[in-house]
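Please keep the structure open while you read this note. Take the points in order and find each residue as it comes up.

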Amino acid sequence: MGETCDFLVIGAGIAGASAAHELSRTGKVILIERESQPGYHSTGRSAALFVETYGNSVIRAINKASRPFLDTPPEGFCEAPILSPRGTLFVATEDTLPNLKAAFEEVRRLSDTVRLIDADEVHRLHPALNRALIVAGLHSPEDMDIDVAVLHWGYIRAVRARGGLLVGDAEVLSLKRQEAVWTAVTRAGDFQAPIIVNAAGAWADEIGALAGAAPIGLGPKRRTAFTFDPPMDLTLPGLPGVIAADESWYLKPEAGHLLGSPADETPSAPCDAQPEELDMAIAIDLIERHTTLKVGRLVSKRAGLRSFVADKSPVVGMEPGLDGFCWCAGQGGYGIQTAPGMGRITAALARGDTFTGDFAALGITARDLAPDRPALKDAGRLKEDAC
Ligand SMILES: Cc1cc2nc3c(=O)[nH]c(=O)nc-3n(C[C@H](O)[C@H](O)[C@H](O)COP(=O)(O)OP(=O)(O)OC[C@H]3O[C@@H](n4cnc5c(N)ncnc54)[C@H](O)[C@@H]3O)c2cc1C
């Protein structure tokens with residue numbers, strides 16, 4: 001007999017932590033993580049932005065449902081704010097102006113604060129942008145920076161306060177169900193629960209395979225980011241995040257430096273993703289051409305995996321024909337900002353409840369997220385390159 005609980009959550013990134021937080025309201029939760037530190041993979045490598053209009057319609061609904069928690073977390077959840085003002089500025093050259101206008105037509109229906117602005121105003125908001133190239137922008141003043149560590153550790157602390165456990169160095173090696181109980185054999189011992197939640201990020205299909213679930217066709221994609229010193233005359237507080245209208249690069253302040261990314265999406269096997277020199281060189285070239293910045297010494301560099309299924313919506317819900325196995329996967333490039341909503345949805349479906357209320361009002365149903373939805377029917381794995 002191993003350690004027992006009501007819900008065993010596999011993976012202690014933001015997805016597992018938020019699901020564990022919601023599940024721990026009604027039962028004992030054990031959160032097991034392969035690494036010695038939670039957040040070592042995608043969760044600790046994100047750009048930490050909340051962009052409410054980002055993603056497809058399902059993601060946008062979950063963004064919206066997540067915002068109240070991020071704005072006003074429960075009493076005692078954390079000691080610092082989760083969100084802080086940032087704003088985002090999509091910027092266009094002559095060539096990418098049609099992308100910007102199309103984006104504006106789409107998001108103006110979703111937000112009354114998003115504005116299309118001319119080159120002068122773009123330059124006023126971000127003086128380092130290249131005036132000779134940037135012709136217009138789309139300004140979203142209500143987009144925010146997320147303090148990922150505050151959110152992530154807020155969840156984990158709350159789980160512990162309700163009697164739950166976080167167990168590190170606990171890679172799941174096998175999963176077996178017998179007499180309505182799952183047993184996970186891990187490097188840290190055995191754990192048992194009637195319900196397991198698969199929140200293993202890029203490895204979710206591997207965990208599914210251990211349990212005997214059909215693949216959801218998860219395709220991890222590598223994204224690179226690095227930080228560098230801003231010029232002395234650029235004031236970072238108040239500077240918006242800048243995203244190219246064709247999403248070929250982005251730039252934002254991060255911890256007193258500037259973060260740059262080529263917004264790459266290179267297919268990868270699940271792994272400890274590392275930045276490639278070529279991807280960084282591409283980003284540096286794009287940033288230097290579209291701004292007046294010179295990227296000198298790199299302060300840090302990183303890469304992480306953003307994992308998508310075919311329709312780019314998350315996968316949440318019980319695997320048909322496999323009792324007690326709940327998916328919480330496919331968070332793509334939105335897993336931090338959607339965490340509060342995803343946690344609530346995962347907990348409801350893992351308990352066998354439906355989710356209604358604000359989600360229904362926002363127009364999403366369990367079917368949009370189900371592992372056996374039509375869009376995932378032929379879920380052959382996306383092409384995987386070596387990591
Ligand atoms: C460069 C970059 C920028 C991004 N920017 C943003 C952004 O601005 N806003 C946003 O919302 N999102 C952003 N994202 C996406 C976001 O980071 C992810 O969607 C999110 O972190 C996914 O969380 P997760 O918990 O599913 O995955 P992870 O954080 O990868 O966690 C999964 C965990 O499962 C564990 N695991 C796997 N297999 C096993 C096993 N066999 N046994 C035990 N444990 C196991 C892993 O060790 C890992 O810790 C970005 C991602 C990247 C890479």
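The points below go from the domains to the ligand, and then to three single residues.

1. Start with the status of the model. This is a predicted model. Keep that in mind at every point.

2. Next, the domains. The protein chain is divided into domain 1 (3–70 + 147–218 + 311–376) and domain 2 (88–141 + 219–305). Each domain is built from separate stretches of the chain, as those bounds show. Their C-alpha centres lie 30 Å apart. The contact between them takes 19 residues from domain 1 and 20 residues from domain 2.

3. Why does the ligand lie between the domains? Domain 1 and domain 2 both give residues to the shell around the ligand, so the ligand lies between them.

4. Now look at the shell itself. There are 35 residues around the ligand. Those that come nearest are Glu 33, Thr 43, Leu 49, Gly 332 and Gln 337. By type, the shell divides into 15 nonpolar, 13 polar and seven charged residues.

5. Some ligand atoms sit close to polar backbone atoms. For Ala 15, the partner is an oxygen atom of the ligand, at 3.1 Å. For Val 172, the partner is a nitrogen atom of the ligand, at 2.9 Å. Tyr 334 also takes part: a backbone N or O atom of Tyr 334 is 3.4 Å from an oxygen atom of the ligand. How much of the ligand does the protein bury? Taken alone, the ligand exposes 1000 Å², and the protein buries 96% of that.

6. Which elements give two or more residues to the shell? They are α1 (14–23) and β20 (298–308). The most comes from β20, with three residues.

7. Stay with α1 for a moment. This helix is mostly covered, with 10 of its 10 residues buried. Among them are Ala 15, Ser 18 and His 21. Ala 15 already appeared above, through its polar backbone atom at 3.1 Å from a ligand oxygen.

8. The first single residue is Tyr 155. It lies in helix α5 (residues 148–161). Is Tyr 155 buried or exposed? Its relative accessibility is 1%, so Tyr 155 counts as buried; the cut-off for buried is under 20%. Tyr 155 and His 21 are 134 residues apart along the chain, yet their C-alpha atoms are separated by 5.4 Å. Leaving aside neighbours within four places in sequence, the contacts of Tyr 155 include Ile 14, Ala 17, Ser 18 and His 21. These four are also on the list of buried residues in α1. Other contacts of Tyr 155 include Phe 69, Phe 77 and Pro 340.

9. Next comes Thr 224, in strand β15 (residues 219–228). Thr 224 counts as buried because its relative accessibility is 0%. Which side chain makes a polar contact with the side chain of Thr 224? That partner is Asp 264, at 2.5 Å. With neighbours within four places in sequence set aside, Thr 224 is also in contact with residues including Gly 260, Pro 275, Met 280 and Arg 302.

10. Last is Gly 87. Its place is in the loop between β5 (83–85) and β6 (88–92). At 1% relative accessibility, Gly 87 counts as buried. Gly 87 and Met 144 are 57 residues apart in sequence, but 5.8 Å apart in space, C-alpha to C-alpha. Not counting residues up to four places away in sequence, Gly 87 touches Ser 140, Pro 141, Asp 143, Pro 240 and Gly 241.

Notes. Residues numbered from 1 in each chain as written. Predicted model: local features only at pLDDT ≥ 70, side-chain atom pairs only at ≥ 80, totals over all residues. Heavy atoms only, no water. Near = heavy atom within 4 Å. Polar contact = N/O pair within 3.5 Å; in protein donor to acceptor, adjacent residues only side chain to side chain. Areas by Shrake-Rupley, 256 points an atom, 1.4 Å probe, with all protein chains shown as cover. Nonpolar A, V, L, I, M, F, W, Y, C, P; charged D, E, K, R; others polar. Domains from an automatic or database assignment. Buried < 20%, exposed > 50% of the residue type's maximum accessible area, 1.4 Å probe, protein only. Contact = heavy atoms within 4.5 Å.
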